[in-house]
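Visitor: Hello! I am new to this structure and would love a close look at one part of it. Could you take me through the inside, step by step?

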Amino acid sequence: MTLEINVTDQSTALTDWITLREVELFLYKEAELADTHQFQAWFGLFTQDLLYWVPCNGDDAGIGKKIALINDNRPELDERLFRLGTKHAHAQLPRSRLSRVVSNIVLGDDYRRETGGTVTSRVIITEVRNGKTAHWGARVTHVLVRQEGELRMREKHVYLAANDEVLPNLTFII
């Protein structure tokens, strides 16, 4: 019995693994920056033409067609982060302590290492504030692009599992 090893298949598998690992590390970095309130560094992960969208009342609402919890472009997100970074963000006094677990990271069929594409993942966010603990589960879709050799987020869509329920004020970065 001889074992044949296809070098092309191994090379492709290694490239796929490297690509997935790069995306995983990017999403872990994004989560760390958001959890530790490093707003400007987190904002720097986005492209100039960003879209940050968190729908409510179901997942099938089209962007801009129904009310959303968040539907920000670059100036709007910049303003949101400015407010969160000041002592005037009363809804975040004291600040939430946050911890995210990012998992189930899957590259979309359109994803290419050289250019980017769609990535889906799952996230559990634990928020502790004023003696209360809340857990937020979500499905997240990122549209990543490569700019100057680095991954950047062009779009981030967060589909909260409870987006059709009455929600408290979500003043932290989802």
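Visitor: To begin, how much space lies in the largest cavity?

Guide: Happy to show you around! Please keep in mind that this is a predicted model. The largest cavity holds about 110 Å³ of space. A search through the whole structure turns up two cavities of 30 Å³ or more, and we will visit both.

Before stepping inside, here is the setting. The protein has 174 residues, and 40% of them count as buried. Three helices and six strands are present, and along the sequence they follow the pattern α-α-β-β-α-β-β-β-β. If you take the contacts between residues at least 6 apart in sequence, 56% of them join residues at least 24 apart.

Now to the walls of the largest cavity. Its lining is made up of 13 residues, and Glu30, Val102, Val123, His142 and Lys156 are the ones that lie nearest the centre. The elements α1, β3, β4, β5 and β6 each give two or more residues to this lining. Sorted by class, the lining has eight nonpolar residues, two polar ones and three charged ones.

Lys156 is a good residue to pause at. You will find Lys156 in strand β6. Lys156 counts as buried because its relative accessibility is 5%, and the cut-off for buried is under 20%. The side chain of Lys156 has a partner: a polar contact of 2.6 Å links it to the side chain of Glu30. So two of the residues nearest the centre of the largest cavity, Glu30 and Lys156, are joined by their side chains, and Lys156 is a buried one. Beyond four places away in sequence, Lys156 touches Glu30, Trp42, Phe46, Leu51, Tyr52, Trp53, Val140, Thr141, His142 and Ile174. One of these neighbours, His142, also lies among the residues nearest the centre of the cavity.

Two other neighbours of Lys156, Trp42 and Tyr52, lead us to the largest nonpolar core. This core has 37 residues, and Trp42 and Tyr52 touch the most other members. At least two residues of the core come from each of α1 (7–35), α2 (39–43), β1 (46–55), α3 (74–84), β3 (97–107), β4 (116–129), β5 (132–147) and β6 (150–160). Helix α1 supplies the largest share, six residues. To see the surroundings of Trp42, leave aside residues up to four places away in sequence: Trp42 then touches Glu30, Leu33, Ala34, Tyr52, Leu77, Leu81, Met153, Lys156 and Ile173. Notice that both Glu30 and Lys156 are on that list.

Two more names on the list, Ala34 and Ile173, bring us to the second largest cavity, whose volume is about 40 Å³. The residues that line this cavity are Ala34, His37, Phe39, Leu84, Gln92, Arg95, Leu98, Thr171, Phe172 and Ile173. By class they divide into six nonpolar, three polar and one charged.

From Leu98, one of the lining residues of the second largest cavity, you can step across to Asp35. Asp35 sits in helix α1, and it touches Leu98, Ser99 and Arg100, with residues up to four places away in sequence left out. Asp35 is buried, since its relative accessible area is 12%. Its side chain and that of Arg100 are joined by a polar contact of 2.5 Å.

To finish, let us step back out along the strands. Most residues other than glycine have a negative phi. Asn104, however, has a positive phi of about 50° although it is not a glycine. Asn104 has its place in strand β3, and it counts as exposed because its relative accessible area is 52%, where the cut-off for exposed is over 50%. Glu148 is another residue other than glycine with a positive phi, in this case near 50°. Glu148 belongs to the loop between β5 and β6, and with a relative accessible area of 85% it is exposed.

Glu150, in strand β6, is our last stop. Glu150 is partly exposed, at 45% relative accessible area. Its C-alpha atom and that of Glu114 are 10.0 Å apart, although the two residues are separated by 36 residues along the chain. Strand β6 also holds Lys156, the buried residue that we met at the largest cavity.

Definitions and conventions:
Residues numbered from 1 in each chain as written. Predicted model: local features only at pLDDT ≥ 70, side-chain atom pairs only at ≥ 80, totals over all residues. Heavy atoms only, no water. Core = buried A, V, L, I, M, F, W, Y, C linked by side-chain atoms within 4.5 Å. Buried < 20%, exposed > 50% of the residue type's maximum accessible area, 1.4 Å probe, protein only. Helix = DSSP H or I, 4+ residues; strand = E, 2+ residues; numbered from the N terminus. Contact = heavy atoms within 4.5 Å. 1 Å grid on protein atoms, 1.4 Å probe; cavity = no way out; pocket = protein on both sides within 12 Å on 5 of 7 lines; lining within 4 Å. Points joined across faces, edges and corners; volume = space filled by probe spheres on them. Nonpolar A, V, L, I, M, F, W, Y, C, P; charged D, E, K, R; others polar. Polar contact = N/O pair within 3.5 Å; in protein donor to acceptor, adjacent residues only side chain to side chain.
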